[in-house]
Amino acid sequence: MGLLPPINFPKWISENAHLLKPPVSNFCLYNSDYSIMVVGGPNARTDYHVNQTEEWFFQQKGDMLLKVVDDGEFKDVWIREGDMFLLPGNVPHNPVRYENTIGIVVERKRPEGVLGKHRNCKRERKLNQTDELRWYCSQCAGEGAQQIVHSETFYCTDLGSQLKPPNDNGKPKTDAGGRASPDFRHECARRARAVPEAAAAVRESGADRVQEPAAGAALQDPAV
């Protein structure tokens, strides 16, 4: 495969801004050893992503908020226009993006064959590193706790199909604090019924797919 030409990023933005608006809001420019995505807004999601590799954020236009769980506490990391931020691996995070903002996110291809153990297995074996999506209880979060209501793990091979922003079937997604809405709060008697609906939507909704460039599309001419 030959070298792809450079992309004039400001010109690409001016000609492809429609790709960065809801319901899609993002576009994958490159997908090889590193996935490089251009991300717009606004978005609304209640899950926290846990990636065992680092993620690099850069805000080209406007500010974004990265909600994280750091050292057992919910924290807000503001990434202002012109800022870059390297998120360490294994930090639960929820990116909050606003209208008329543009950012770049770079993620590594997930390693294969890492030495580890399956659940309930005492022997070490070669495993693929897994990503996780977590939903936290908003009521517990307000009390300073991190109660996980629901989680899903998977080996990420395609950001476009596996890390879609969730579509919560029209339900309110967040409360005033930006956490999961009451429909997704921790209630021991019924949490197993309420939250998996949102998790299933992450897998089933095709409207929020990250777009992958067709072969040669949008990258043949640096002026595109």
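Student: Okay, so a salt bridge here is a side-chain nitrogen of Lys or Arg within 4 Å of a carboxyl oxygen of Asp or Glu. Which residue does Asp63 form a salt bridge with?

Tutor: Asp63 pairs with Arg80, and their closest N and O atoms are 3.1 Å apart. Keep in mind that this is a predicted model.

Student: Where do Asp63 and Arg80 lie?

Tutor: Both are in loops. Asp63 is in the loop between strand 4 (55-61) and strand 5 (64-70), while Arg80 is in the loop between strand 6 (73-79) and strand 7, so the pair ties together parts that are 17 residues apart in sequence.

Student: And is Asp63 buried or exposed?

Tutor: Neither, quite: Asp63 counts as partly exposed, at 26% relative accessibility. Arg80 is partly exposed too, with a relative accessible area of 39%.

Student: How many salt bridges does the count come to?

Tutor: The count is 6 salt bridges. One of them joins the side chains of Lys11 and Glu15, at 3.0 Å from N to O.

Student: Where do Lys11 and Glu15 lie?

Tutor: They are both in helix 1 (residues 9-16), 4 residues apart, which is about one turn of the helix. Lys11 is partly exposed at 33%, and Glu15 is partly exposed at 40%.

Student: What about Arg134 and Glu132, are they buried or exposed?

Tutor: Arg134 and Glu132 are both buried. Their side chains meet in a salt bridge as well, at 3.1 Å from N to O. As background, side chains of opposite charge can pair when their charged atoms come close.

Student: Nice. Changing topic: how many aromatic pairs are there?

Tutor: There are 7 aromatic pairs by the rule used. Phe9 and Trp12 make a stacked one, with 6.5 Å centre to centre and 5° between the planes.

Student: How many residues apart are Phe9 and Trp12?

Tutor: They are 3 residues apart in helix 1, so about one helical turn separates them. Phe9 is buried at 18% relative accessibility, because the cut-off for buried is under 20%. Trp12 is buried at 0%.

Student: And Tyr48 with Tyr136, stacked or edge-to-face?

Tutor: That aromatic pair is edge-to-face: the planes are 85° apart and the centres 5.1 Å apart. Tyr48 lies in strand 3 (residues 47-50) and Tyr136 in strand 12 (residues 131-136), so this pair ties together parts that are 88 residues apart in sequence. Both rings belong to buried residues, with Tyr48 at 2% and Tyr136 at 4%.

Student: Back to Phe9 and Trp12: which residue joins them in one aromatic cluster?

Tutor: Phe27 does; Phe9, Trp12 and Phe27 form one aromatic cluster. These three also appear in the largest nonpolar core, which has 12 residues. Among the others in that core are Ile7, Ile13, Leu19, Leu20, Leu29 and Val38.

Student: Which elements each supply at least two residues of this core?

Tutor: Helix 1, strand 1 and strand 9 do. A second, separate core has 11 residues, including Val68, Ile79, Leu87 and Val91. In general, nonpolar side chains in soluble globular proteins tend to be buried together.

Student: Now the sheet. What order do its 5 strands have?

Tutor: The order is 1-2-9-4-7, in an open sheet with antiparallel pairing. Strand 1 (26-31) and strand 7 (84-87) are the edge strands, each pairing on one side only. Ignoring direction, neighbouring strands of this sheet are turned by 20° against each other on average.

Student: How many bridges join strand 2 to strand 9?

Tutor: Strand 2 (residues 34-39) and strand 9 (residues 102-108) run antiparallel and are joined by 6 bridges. If you want a spot to look at, Val39 stands opposite Gly103 in strand 9.

Student: Last one: how many disulfides does the structure hold?

Tutor: The number is 0. As for cysteines you can look up in the model, Cys28 is buried with a relative accessible area of 2%, and Cys137 is buried at 1%.

Key. Residues numbered from 1 in each chain as written. Predicted model: local features only at pLDDT ≥ 70, side-chain atom pairs only at ≥ 80, totals over all residues. Heavy atoms only, no water. Disulfide = S-S within 2.5 Å. Buried < 20%, exposed > 50% of the residue type's maximum accessible area, 1.4 Å probe, protein only. Pairing = 2+ DSSP bridges. Axes fitted to C-alpha atoms, helices over the stretch in contact; angles between N-to-C directions. Core = buried A, V, L, I, M, F, W, Y, C linked by side-chain atoms within 4.5 Å. Phe/Tyr/Trp six-rings, centres within 6.5 Å; stacked < 30°, edge-to-face > 60°.
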